[in-house]
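Here's a quick tour of a ligand site and the strands beside it. Have a look at the model first, then read on.

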Amino acid sequence: MKKLLFSAFLILVLSATIISCNDKDYTKDKAGEETKSMDPAADLWSRISGYQNWSHWPGKQPFYKGTEPHGFLLSTYLNEPAYKALTGGSAELPYGSIVIKENYKPDKTLAAVTVMERIKGYNPDAGDWYWAKYKADGSLHTKEVDGKAMKLAGKVGGCIGCHTASTSGVKYIMTPK
Ligand code: HEC
């Protein structure tokens with residue numbers, strides 16, 4: 001009987017330890033995720049690292065002559081899903097697409113890196129695109145609204161307002177074909 005009681009006690013202690021360990025891991029994961037989702041712009045910047053090796057917009061060379069407002073010289077890069085859809089003649093780019101435009105001054109200094117990423121459910125009213133305007137070092141450009149510096153990332157009204165023109169023939173995409 002004593003032996004049985006001892007075994008029961010042992011099982012109790014063991015399961016309590018397992019539960020508390022799981023708890024710990026859970027909190028850790030959750031905290032990790034929260035940090036990530038708190039700064040989606042930094043997350044996107046790290047995910048596009050090395051984009052200079054991606055495909056250029058079909059038929060466009062690096063530093064092609066730009067149109068307003070993006071800059072004097074432009075280089076436009078597409079990730080794999082975006083490139084496939086564009087060269088395949090799709091009317092819109094699929095979820096997971098990322099398009100990056102480097103905006104250069106006439107002396108070829110990099111003034112901005114503008115990025116669009118299509119995320120399912122992110123903003124159904126405007127094609128589900130996430131917008132960001134980075135400086136060369138990965139920090140965000142800002143725009144003054146009511147005396148406050150607003151970071152240009154997320155559902156940026158200015159980007160959306162112009163890009164709805166879809167001048168390329170592909171929804172929300174503007175680069176002339
Ligand atoms: C006044 C209009 C206008 C505004 C505002 C604007 N864009 Fe654009 N965008 C364009 C045009 C025009 C092009 C094509 C430029 C070219 O290749 O000649 C373009 C191209 C792009 C591209 C390449 C993919 C594509 O659509 O062809 C990205 C990425 C981009 N813009 C991001 C942004 C972001 C991010 C913002 C907001 C911070 C923004 N744009 C604001 C007009 C605009």
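Which residue stands opposite Gly154 in β9? That's Trp131. Before going further, note that this is a predicted model, where local features need pLDDT of at least 70, side-chain atom pairs count only at pLDDT 80 or more, and totals for chains, interfaces and linings use all residues. Residues are numbered from 1 along each chain as its sequence is written.

**Strand β6**

Helices (H or I, at least four residues) and strands (E, at least two) are DSSP runs, numbered from the N terminus. Two strands pair if DSSP finds at least two bridges between them. On that basis, β6 has β5 as an antiparallel partner, joined by six bridges. Thr114 has Lys133 in β6 as its bridge partner. Two bridges join β6 to β9 (residues 153–154), and that pair also runs antiparallel.

How many of the six residues of β6 are buried? Six of the six are, so the strand is largely enclosed by the rest of the structure. Buried here means 20 or more other C-beta atoms within 10 Å of the residue's own, exposed means 12 or fewer, and partly exposed is in between, with C-beta atoms placed from the backbone. Both faces of β6 are covered: one side carries Trp129, Trp131 and Lys133, the other Tyr130, Ala132 and Tyr134.

**Around the ligand**

There are 26 residues around the ligand, and Thr114, Cys159, Cys162, Met174 and Thr175 come nearest. A residue counts as near if its C-beta atom, placed from the backbone, lies within 6 Å of the molecule or strand. By type, the shell divides into 15 nonpolar, nine polar and two charged residues. For that split, Ala, Val, Leu, Ile, Met, Phe, Trp, Tyr, Cys and Pro count as nonpolar, Asp, Glu, Lys and Arg as charged, and the others, Gly among them, as polar.

Several elements each supply at least two residues of that shell, including β3 (73–78), β4 (98–104), β5 (110–118) and β6 (129–134). Helix α4 (157–163) is another of them, and α4 gives the most, with four residues.

**Two positive phi angles**

Now for a pair of backbone oddities. Lys108 has a positive phi although it is not a glycine, and Tyr172 is likewise a residue other than glycine with a positive value.

| Residue | Phi | Location | C-beta neighbours inside 10 Å |
|---|---|---|---|
| Lys108 | about 70° | loop between β4 and β5 | 9, exposed |
| Tyr172 | near 70° | segment after α4 | 22, buried |
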